[in-house]
Amino acid sequence: MSDPFKQASGIRKVLTADESATGRLDAWLTAQLGPEFSRSRVKLLIKEGQLLVNGALATDPQKKVRPGDTYEMLLPEPEDPEPKGENIPLDILYEDDDVIVISKPSGLVVHPAAGNWTGTLVNALIYHCGDSLSGIGGVKRPGIVHRLDKDTTGVMIVAKNDIAHRHLSAQFADHGRTMPLERAYQAIVWGRPRSLAGTIDAPLGRGTNDRTRREVKRPGNQEADEAITHYEVLERFQETPDALSLASLVECHLETGRTHQIRVHMAHIGHPLLGDTVYGAGFKTKANKLPDAVRKVVNGFTRQALHAYMLQFEHPRTGEVMRFEVPLPDDMIELVEALRAAAP
């Protein structure tokens, strides 16, 4: 039998369940591994494909442990537990003793992780905020209550103390259903959605063949999370008499906040984001229909065309509803203007 962990790095931990072993896998494994690993951490490792049961990959943390079974986990190598502050410039929109609101540029990773242990937003925040930064999110993610992908731009809020962190985390967990939190994005997608406004309700989970990707799952799948995106077409580029568009500028409002949600959902309905090499690589040849000058701009846009332009939240101390908006960044403005110029 091939070894699924052969090319992976980490510490292998092999456990055999005795006759007294009962309950869920994540709970039993947490008890066996000791205080270094929380149950949430163990659950995440299982979902990420870091567990073998009798030599076969297992990704369901709710699976029942069975006496006599052998469990092999791949645990991450020990790391420096505390990121260090780095003098990285921040575009600060607002700051007080409780929160800091920034406009995140493209290329900035939010928190340290494999392949990006330095040069992150967390490193910049530690340098800027010092000891005031909340640690309730864990040493790797102090103050972080939500995130944007590395190449997504736009508004982010960070908590500067534990009270603010708990209050903001509750708002993001509520997804704006009963609290005033609201998030809106602008994206440039290939083609034009059939409906000029609509809702995409499609659960998301880790990719079957690539665990770093997300994909739409069937309703009821235990490994999937509810994901709902509302969209509206703001502008159509190179509109033709038969109502086909080369591309469209859309606005998306999140009712949930899953990893890669807008990117996967728009690709799911046949309109992936321009520049998205993960979920829209098959659409890149559409640029061949453009005039040379416009095609050069489109092909030169090397990130997903996604911008978190608006964030609204309730201030954790004052209760004031605050709203911040950031216009499209220069590279997306250049892309919009180029697509406009392509009109027949």
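Start by selecting G137, which is partly exposed, with a relative accessible area of 30%. You'll find G137 in the loop between helix 3 (121-129) and strand 7 (153-159). Keep in mind as you click around that this is a predicted model. Now add H165 to the selection: the C-alpha atoms of G137 and H165 are separated by 7.8 Å, although the two residues are 28 residues apart along the chain.

**Stop two: a four-stranded sheet**

Next, pick strands 1, 2, 3 and 4. In what order do the 4 strands line up in the sheet? They form an open sheet in the order 1-4-2-3, with antiparallel pairing. Look at the edges, where strand 1 (11-16) and strand 3 (56-57) stand. Each of these has a single partner strand, so one side of each is left without a neighbour in the sheet.

Now go to strand 2 (residues 51-53), which is joined to strand 4 by 3 bridges, the two running antiparallel. If you'd like a landmark here, select L51 and look across to M73 in strand 4, which stands opposite. Then bring up helix 2 (residues 39-47): this helix packs on the sheet, where it touches strand 2 and strand 4. Its direction makes about 100° with that of strand 4.

While you're here, have a look at N54, in the loop between strand 2 and strand 3. Most residues other than glycine have a negative phi. N54 goes the other way, with a positive phi near 55°. Is N54 buried or partly exposed? At 42% relative accessibility, N54 counts as partly exposed.

**Stop three: two helices crossing**

Keep helix 2 on screen and add helix 1 (residues 25-33). Two packed helices are described by the angle between their axes and the distance between the axes. Here the axes of helix 1 and helix 2 come within 9 Å and cross at roughly 115°. The crossing in which helix 1 passes helix 2 is right-handed.

Which residues should you show as sticks to see the contact? On the helix 1 side, choose D26, A27, L29, T30 and L33. On the helix 2 side, choose R39, V42, K43 and I46. Colour them by type and you get 5 nonpolar, 1 polar and 3 charged residues in this contact.

**Stop four: the aromatic pairs**

Time for some rings. How many aromatic pairs does a search of the whole structure find? There are 3 of them. For one of these, select W28 and Y71, a tilted pair with 5.3 Å centre to centre and 55° between the planes. This pair links distant parts of the chain, since W28 is in helix 1 and Y71 is in strand 4 (residues 70-75), 43 residues apart. Both rings belong to buried residues: W28 has a relative accessible area of 10%, and Y71 has one of 1%.

Now jump to F313 and F324, which form a stacked pair: 6.0 Å centre to centre, with 15° between the planes. Here again distant parts of the chain are linked, with F313 in strand 14 (residues 306-314) and F324 in strand 15 (residues 321-325), 11 residues apart. F313 counts as buried at 0% relative accessibility, and F324 is buried too, with a relative accessible area of 13%. Add Y94 to the view, and you have a cluster in which ring pairs link Y94, F313 and F324.

**Stop five: a hairpin**

From the cluster, move on to strand 5 (residues 92-95), which is joined to strand 6 (residues 99-104) by 3 bridges. The two strands run antiparallel and form a hairpin with 3 residues between them. To see how they line up, select I92 and its bridge partner in strand 6, I102.

**Last stop: strands 9, 12 and 13**

Finish with strand 12 (residues 228-237), which runs antiparallel to strand 9 (residues 197-201), the two being joined by 5 bridges. Click D201 to find its bridge partner I228 in strand 12. Strand 12 also pairs with strand 13 (residues 247-254), in the antiparallel sense over 8 bridges. For this pairing, try V233, whose bridge partner in strand 13 is V250.

Then follow the chain into the loop between strand 13 and helix 5 (261-268), where H260 sits. Its phi is near 60°, a positive value in a residue other than glycine. Is H260 buried or exposed? H260 counts as buried, at 17% relative accessibility.

How values were computed: Residues are numbered from 1 along each chain as its sequence is written. This is a predicted model: local features need pLDDT of at least 70, side-chain atom pairs count only at pLDDT 80 or more; totals for chains, interfaces and linings use all residues. Side-chain values use heavy atoms; hydrogens and water are left out. Rings of Phe, Tyr and Trp (its six-membered ring) pair if their centres lie within 6.5 Å; planes under 30 degrees apart count as stacked, over 60 as edge-to-face and the rest as tilted. Buried means under 20% relative accessible area, exposed over 50%, partly exposed in between (1.4 Å probe, protein chains only). Two strands pair if DSSP finds at least two bridges between them. Contact means heavy atoms within 4.5 Å. Axes are lines fitted to C-alpha atoms, for helices over the stretch in contact, and angles run from 0 to 180 degrees between N-to-C directions. A crossing is left-handed if the near helix is turned anticlockwise from the far one by less than a right angle, and right-handed if clockwise. Ala, Val, Leu, Ile, Met, Phe, Trp, Tyr, Cys and Pro count as nonpolar, Asp, Glu, Lys and Arg as charged, and the others, Gly among them, as polar.
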